[in-house]
Structure formats: structure tokens, C-alpha cells
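Reader: I should be grateful for a close look at one part of this model. Please describe the part in a connected account.

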Amino acid sequence: MQQAQAQGLPSAPTGDIVPEPVREGIDLIVNGERFRHTGDPLMPLLWYLRDVLRLTGTKLGDAHGEDGYDLVLVNGKAVSAIRQPMAKLAGTRVTTVEGLAHADGSLHPLQQAFIDEDAIGCGYCAPGWLIAGIDLLSRKPKPSDEDIDKLPNRCRCGIQTRVRRAIKRAAGVKA
Amino acid sequence: MSTGPQFSRRRFLQVLAGTAGALVVGVGHADAEVPVPPAMLGDDFGQLGAYVRIDREGNVLIGARDPDTGTGTATALPRIIAEELEADWTRVTVVQLGLGVEAKEGKPVWVYGHQRSGTGDSIPAAWADLRQAGALARWLITQAAARRLGIAADRLRCEAGMVVTPDGRRFPYGSLVEAASKIDPPNAPLPLKSPRRYALIGQPAGDVDARRIVTGQARYALDAHYADGLVAVLDQCPWPDGSLASIETAPALAVKGVVKVIPIKPEDGVPPGETAIAPAVAVLAEDTWSALRGLAELKREWKPGASSAGQDSGKLEAQALALLDTDSAPTTRVRDEGDLKAASRKAARRVEATYVQPWLAHATPEPMNCLVRLDKDQATLVVPTQAPQRAWAVVQRLTGLAPDKIAIEVPRVGGGYGRRLDHDYVAEAVMLAKAVDKPVRLMWTREQGLTHDYYRSGTVHKIKAVIGRKRHVIAWDQRMASAPALAGRGIAADRLWTSEVAADQLPAGLVPTYRNDWYSLASAMPRGPFRGEPHVTNAFAVESFVDEIAHNLRENPLDTRLRQLGDARQIPLSGGGMLDVGRLLNVLKLVTDRIEWKNWLHNVNGMGVACWHIDGAYVAHAIEAVMHGEKLDIVRVVCAVDVGRVINPLGLEGQVAGATLDALSNALNPAITFRNGQVQQQDFRDYPLASMAQLPNDVEVILVPNDRAPTGASFLAMPTAAPALANAVFRASAVRVRRLPLMKELLRLL
């Protein structure tokens with residue numbers, strides 16, 4: 001194995017090195033890391049996250065991005081990843097469900113509240129609910145029931161009542 | 001999987017010495033010699049043929065055999081094992097097991113026994129055999145401690161991952177597993193713990209995957225990939241029996257990244273759910289976006305087949321209504337007790353009503369998908385399935401591989417609701433993988449799940465009741481028409497009713513004269529199992545109708561129900577077992593007490609109630625609702641369930657609240673309609689699941705403590721939610737909704 005690696009090492013520089021041209025692309029920050037997308041500028045962010053970066057926490061939902069499965073934060077606001085072509089994302093800061101916890105592994109209060117309220121069905125829609133909830137809490141730190149009613153997410157396992165409790169728990173408001 | 005070390009088995013349970021002295025225990029089939037894959041003895045638990053593995057550090061791995069589609073099996077099943085093992089739950093890691101299959105004389109042997117979810121039998125099956133797996137591991141560890149310490153085994157006790165001596169010394173399991181793995185297991189089943197000493201069963205436990213889910217680390221089948229694999233997306237024929245009229249593949253193939261365009265179609269003579277659901281053209285590409293772009297460029301024409309052309313949901317409903325109005329013989333007379341004519345002569349009143357419920361789609365969150373790698377003599381798949389053994393059968397038929405050369409991994413599944421008991425998408429993926437020499441990940445869109453589904457048939461119920469002079473229902477004559485889910489699936493014609501009607505459903509056994517007739521509708525639209533059926537459609541009709549009887553009698557509908565149920569007693573069920581009327585009365589009392597039913601008459605909000613029983617489990621809903629103009633506000637929902645012993649109360653509460661919301665969502669808005677054989681709901685704007693605002697803010701769940709053997713509960717709370725709501729809506733608005741979806745009908749009648 002080591003020998004094979006040694007054979008794969010490049011030989012000594014020959015002196016005629018030509019610097020690579022600067023590659024054109026779309027620069028963005030995903031979960032705190034810098035990336036440059038050099039592929040199709042029309043590729044939706046969802047497929048960039050899932051197929052290119054292999055960040056699969058953001059899920060495929062409906063084609064119109066209305067049911068909340070594919071929500072991510074772009075510059076802090078919840079948006080549907082399937083509706084965002086990469087061309088629109090130059091210079092943006094994208095946060096996916098994988099980027100919600102702190103670097104030390106401690107969870108965002110809403111993530112912890114989902115665990116504490118067992119707001120888990122099959123779990124497929126949970127990332128979208130978390131992004132929508134965090135977006136809501138950033139706008140309304142003490143959301144009312146009416147505010148929570150406006151979340152776009154859909155779920156078939158029926159976790160909505162537990163999501164409501166989790167958001168209130170994270171916000172520190174009475175259930 | 002190559003043949004590894006051999007071990008001899010003396011009885012049902014397997015014991016293995018793992019590497020590093022780990023103790024491995026599993027429940028297996030009853031063969032004498034079983035080849036053990038080398039991975040079984042390493043750290044790769046994913047391929048273990050066992051349920052329990054304890055290492056020298058005291059870490060416990062427990063395998064969960066039934067897929068978890070959000071039904072909580074990945075938490076509940078391992079806790080049943082951990083209870084008997086006396087494990088420290090904080091040291092337990094749950095591993096989702098893939099399909100356990102071995103070959104015996106060319107036939108498959110299911111190593112893990114029961115592997116299916118969402119059919120209500122995961123917990124009863126686990127109760128029957130998984131407790132022994134935990135008990136055996138504990139017994140072996142105790143024996144090892146006894147030998148080391150020179151203390152009789154029956155004087156030692158186990159507690160939270162420790163063996164405790166009579167004088168209070170504690171020895172961690174990890175220090176004993178190496179010796180334990182060398183001890184011969186006993187020849188007879190081991191005694192199980194007394195429920196009085198349960199430390200885990202009956203205590204609340206959060207979902208074992210919760211942290212992975214909220215951090216986006218939980219992996220679903222759709223998230224799996226091979227670096228050298230292709231992504232396949234489909235253009236599906238709108239008609240299941242249609243065909244390709246013309247195709248031009250060049251524009252799709254011209255898209256960068258697109259590798260191949262392959263037409264597929266259902267195989268002749270193969271039952272639904274085991275082959276492609278409809279003809280389709282697959283676009284295979286290096287990544288999803290390229291595949292979708294290629295799909296957009298595909299030029300093709302589909303044409304309808306002979307049987308689907310002319311299919312119309314409106315016409316089918318009219319046909320059903322007409323059928324139930326005639327005196328034509330039913331397809332099956334499911335129940336017929338007493339003398340209808342004689343009872344009819346004693347009538348003081350007659351009540352009659354007709355209920356119409358629409359076709360529904362499963363609308364699973366995770367779309368249909370399947371990852372498959374075909375090598376020369378083996379297949380490796382990642383499948384979101386509720387029934388891995390059925391998925392195996394599809395793969396085996398299409399590949400001809402030996403039973404044990406098909407490996408199926410089942411990660412957490414993004415919702416099932418009965419849809420993933422069928423494996424059309426597995427067949428499609430395998431067909432495509434056979435046509436290219438690369439792994440294939442097939443991905444449907446969510447919308448394709450609406451237009452290509454094994455639907456829940458629409459139903460029409462017509463019920464007539466004869467009321468005697470003492471206000472008793474003396475005769476109940478019920479007719480139902482539906483297109484049976486089991487048609488075309490190798491089920492005898494005289495058994496097709498079993499997917500449409502439950503023989504013992506209310507009020508069977510409670511009314512002296514009772515008839516339940518089922519009429520089969522012919523339809524070319526695909527149908528299949530659907531969460532909670534046949535209870536959901538029948539309970540809506542029956543429990544709405546009981547309210548109509550109450551209204552006719554001008555009395556409190558709770559009084560009508562109590563009179564119909566009568567005294568607490570046992571009534572034999574046709575399928576064995578007993579209907580325990582006392583338990584049904586109890587859940588009814590619990591919900592009506594909680595919602596303060598005594599205010600039924602004077603409350604400005606409407607109150608509704610409904611109760612039901614399924615296979616020895618009992619459920620009741622009480623709902624309070626009010627209309628604000630055209631807006632329906634579901635103010636309060638209370639649900640009580642009696643499921644026998646509760647394994648995980650937190651998980652059960654989640655199942656009950658979840659099924660309640662799912663049932664309400666299904667009743668409020670959506671309907672599948674079809675015209676000329678084509679489904680008209682093309683996306684979720686046309687098939688609206690309930691929004692957060694439409695649903696109640698809370699579901700109050702009451703669990704009845706009970707020490708009977710546990711029953712399944714994943715759909716128990718489905719049937720009574722919609723009729724309780726319709727009954728509350730009647731009180732709130734004076735509008736009786738006899739047709740679903742509820743909101744559409746309510747707004748029409750208001």
C-alpha cells in the first residue's frame with residue numbers, strides 16, 4: 001500500500017510550471033465553509049447540496065418547494081432550495097440542517113426542543129420544520145400560535161402538535 | 001457473504017463469541033449449522049445476524065429488525081430486548097437491521113423472523129420472541145459471573161448493565177462477556193422478568209434516532225449513493241395499462257451528463273406491487289440535475305390502454321350509489337344475523353343515510369426510490385420498504401440470484417402508510433440496473449407519488465337502522481361499495497372483502513339483527529393497502545350514523561352509544577378473541593369526561609365523539625369544534641387508547657397524536673379524482689395536506705394502563721378522528737357532512 005502511494009508521488013518540479021487560470025464560478029458559503037460552484041448555474045441549490053456536497057439533510061419535497069421539506073437558510077432567511085438556482089446564490093451564506101448545531105456539537109435550542117418534545121415522526125420532514133422554526137424565531141423570538149400557524153410545512157406522520165410545543169419550548173413561551 | 005466460522009446451534013437462540021470477546025446473541029431460525037459472515041464477528045454490526053452484541057467496554061448494540069417508518073419500532077423493539085437483558089439504556093446503541101436472509105436448499109430462510117412495519121404486528125411479534133434474546137444474554141452473563149465468583153447464579157441479580165452479588169458487589173457486563181460467550185445456552189426457553197420489575201417497558205423513551213434526525217445525519221434510502229452510480233428519473237405513462245406511442249431520445253441524450261434513455265413497462269401476468277406500476281421512460285444520468293434536465297427534453301407520446309380509457313371517478317361513484325339502491329345480491333354478505341324482515345315489522349323509527357368517501361393517495365414524504373447495485377452473482381440494495389422480505393421476492397424474481405446473494409439495507413423510512421408494502425419502484429430500479437452496467441439510484445418525484453399510486457379506493461356506504469319502541473337499534477343493515485385493494489393480487493374472489501370490511505367492526509355483535517353487505521366495484525385504477533383501512537372508511541360511516549340516530553331520537557349521542565354498547569361484557573369475535581365492551585366503554589368515558597361532555601348541549605362549540613376497536617385494541621376520540629364564518633376551528637381533541645401493555649408511552653402518545661392529525665388531514669381537504677383513466681391531481685396544490693393552521697394546537701392523549709399482551713397501535717387512532725370531527729361539526733353548524741373531503745362539502749352546504 002505504502003509502496004503504491006510512493007509510486008504515485010509526482011516527480012520533482014521541472015521548472016516549466018504554468019499556473020492554472022483562475023476558474024470562474026459561483027462562490028458561496030455553506031455551513032461556514034467556502035465553496036465554488038463551477039457547474040450549471042441553473043442547477044437548483046437542492047441538487048448542489050445533495051449531489052455535489054453530499055449534504056443530504058435537506059430533503060426533496062414537492063416541485064414548487066411549498067411543503068417545506070427542502071428549506072435552507074440563505075443569509076438567515078428560510079428559502080426553498082429547489083427554487084434557488086445556483087446563479088442567484090453568489091456571495092450568499094447558506095445554512096442547512098447539518099449546520100445548525102455549534103462546532104462543539106451542542107445543539108441549537110430548537111433542535112434540542114425537538115428532541116425533548118419527541119417531535120419526530122418518520123423524521124423526513126424534520127429538517128424543514130427546524131429551518132422554518134429557526135427562521136420564525138429569528139423574526140419573532142416569542143411567537144404566538146397564529147405565528148406558528150403560518151409555517152408552510154406539511155407532514156403526514158402528524159408531528160404538528162409536537163412541533164408547536166417544541167417551538168414554544170425553544171422560545172421560552174408557555175405551551 | 002463468504003462462509004465464515006461454523007457454530008452449532010442447539011436451539012432457537014444463537015450465541016456467538018465475537019471478536020474482542022464480545023457476546024453476540026440472536027433469535028434465528030431452527031437450523032443446525034449456519035454460516036456466519038466474517039463481518040458478524042467484527043465491528044460492522046450492520047450485517048450482524050443477531051440482535052444483541054455486548055463488547056468488553058460494556059457498550060451494547062441492539063438490532064431493530066422491523067423497518068421504522070416513523071412508527072417507533074427502532075425504539076420500542078430494542079427496549080423490549082434491553083428490558084430482559086437488564087441493560088443500561090444509556091449504553092445502548094440501536095442499529096437498524098437490513099433484511100436477514102439465508103439460503104436453505106435454494107429457498108430463503110428469514111433469519112430475523114418478523115420484518116414488516118405499519119401492519120400493526122411489529123410489537124405483538126416482538127413480544128412473542130424478542131424478549132428471549134435479551135433473557136438469554138442476561139442468563140449467559142449471570143452464569144459467567146456465577147462461575148467466576150463461585151456464587152450460585154440464582155443468588156445473583158442483574159441491574160442496569162451490572163451483575164450484583166448478594167453482598168452488593170457490582171460487576172459490569174463488559175467484564176463478563178468474554179466468559180459468557182463460551183457458555184452453552186440452555187435447551188429450554190428462559191423465564192422472563194416479572195412485569196413488576198420492569199425498568200424500561202412502560203417508561204417513556206424518546207426516539208433513538210432523534211439526534212441524528214435533527215442534525216440532518218439520519219440517512220434515508222434516497223440519501224444513499226454509489227460514487228460510480230447513475231441517477232434514474234422517470235417519465236411515467238398516465239395510464240397504468242397504456243403504452244408508448246412514439247419517442248425521440250436524441251434531445252434528452254444531448255443533455256450533458258445524460259448517459260442513457262431506457263423505456264420500461266410492467267411485466268405481463270405479474271401482480272400489482274411486484275412490477276413497474278406503469279410504462280415509463282427512464283432517463284439515466286450522472287447526477288440528479290442532469291437527469292431532470294434530460295427528462296425535460298424527452299419527446300414522447302403515451303396512449304391509453306383498453307381498460308383504463310373511460311375510467312372516471314365520478315361515474316364510478318354514481319355506479320356505486322345506484323348499485324346500493326337496487327336489491328342486487330352483494331359480492332359478499334360479510335355478516336348476517338337475525339331476521340331483518342321480522343325486525344322491520346317492529347320498527348318505531350327508521351333512519352337511513354349514505355356516506356361517500358373519495359379516493360386517496362399515500363403522499364409519502366420520502367418519494368419512491370431504490371438504490372441497486374448488481375454484480376455478477378449478487379445484488380446489493382438500499383430500499384425504503386415496510387416489508388423487506390417482499391422486496392427480496394421482487395429482486396429475486398427479476399435477477400434469479402440465490403436467496404442469500406441479495407442484500408437489502410433498510411434505513412429509516414420517510415413514511416409508509418401502506419405504500420411501501422408494494423415494491424413496484426424496486427422492480428423498476430432492478431430493471432434499469434440490469435440494462436446498464438452501473439449501480440442505479442431510481443428517484444420518483446413526490447408528484448409522481450400522487451399520479452402513480454396504489455390508491456385507497458373511494459367508498460359508498462348506505463346504512464339503514466330500525467329503531468324499536470325502547471329506542472334500541474334492533475336492526476342494522478349496512479351496504480358498502482368499493483374497488484377492492486386485493487383485486488389482482490392472487491386473492492380468491494370470496495376473500496376480496498377482507499381488505500374492505502372488518503368482519504367484527506362496530507356495531508357487529510351489539511345489534512341483534514345485523515347485516516353487512518359488500519359490493520365490489522370494477523376499476524382499472526391501481527389500489528393497495530392504506531394506513532388504517534378498512535377501519536377508517538367504515539368507522540366514518542358507522543360512527544357518523546350513530547350520531548344521526550341520536551339526532552333522530554333527539555337525544556345526546558353519548559347516551560345513544562352507551563345504550564348500544566350496553567353492559568360491560570365479552571362478546572366473541574368471528575376471527576377469534578373477544579370484544580371487551582368494558583374496555584370500549586372505558587375509553588369512551590375517558591374522552592367524554594376529559595372534554596366535559598356534560599356541557600354537550602349548552603357549549604357554544606360543537607362536541608363530537610366516536611369509538612372503535614381493532615384486533616383487541618380500543619380507541620375513542622372526543623372533539624370540540626367551532627365555525628368562524630367559513631373557517632373551521634378544531635378547538636380541542638382528546639383521544640384515549642387501550643392497547644394492552646404500553647411498551648413506550650412517549651412513543652405511543654406520538655403514534656396516537658400523529659394518527660389523529662393524519663386522519664384529520666386526510667378527511668379535511670384531499671381527494672383523488674380521475675377522468676378518462678388519468679389522475680387529475682398533478683401536484684400538491686391539487687392534493688392539499690392539512691396546514692398547521694387547520695389542525696388543532698394540541699391532541700390530548702390518554703393511555704389506559706393495562707397488563708395484557710401489547711397490541712400494535714400505529715393506526716389505531718385513525719378511524720375515530722374524522723367521524724368525531726364530523727359529529728362536532730354537526731353540533732357547531734347544523735350541517736351533517738356525509739361526503740368527504742369535509743371542508744369542500746361543509747362549505748357547499750353552509
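Author: In chain B, helix α15 (residues 649-668) lies across β30 (617-628), β31 and β34, and runs at about 130 degrees to β34(B). Here, helices (H or I, at least four residues) and strands (E, at least two) are DSSP runs, numbered from the N terminus. Axes are lines fitted to C-alpha atoms, for helices over the stretch in contact, and angles run from 0 to 180 degrees between N-to-C directions; contact requires C-beta atoms, placed from the backbone, to lie within 7 Å. The model is predicted: local features need pLDDT of at least 70 and side-chain atom pairs count only at pLDDT 80 or more, whereas totals for chains, interfaces and linings use all residues. Residues are numbered from 1 along each chain as its sequence is written, while chains are lettered from A and ligands numbered from 1 in the order in which they are written.

The strands beneath this description belong to an open sheet of 4 strands in chain B, with the order β29-β30-β31-β34 and mixed pairing; two strands pair if DSSP finds at least two bridges between them. Because β29 (606-614) and β34 (700-703) of chain B stand at the edges with a single partner strand each, one side of each has no neighbour in the sheet. From one strand to the next, the twist averages 15 degrees. Strand β31 (residues 631-642) of chain B runs parallel to β34(B), and 4 bridges join the two. A640(B) has I702(B), in β34(B), as its bridge partner.

Elsewhere, 45 residues of chain A are in contact with 49 residues of chain B.

Key. Two residues are in contact if their C-beta atoms, placed from the backbone, lie within 7 Å.
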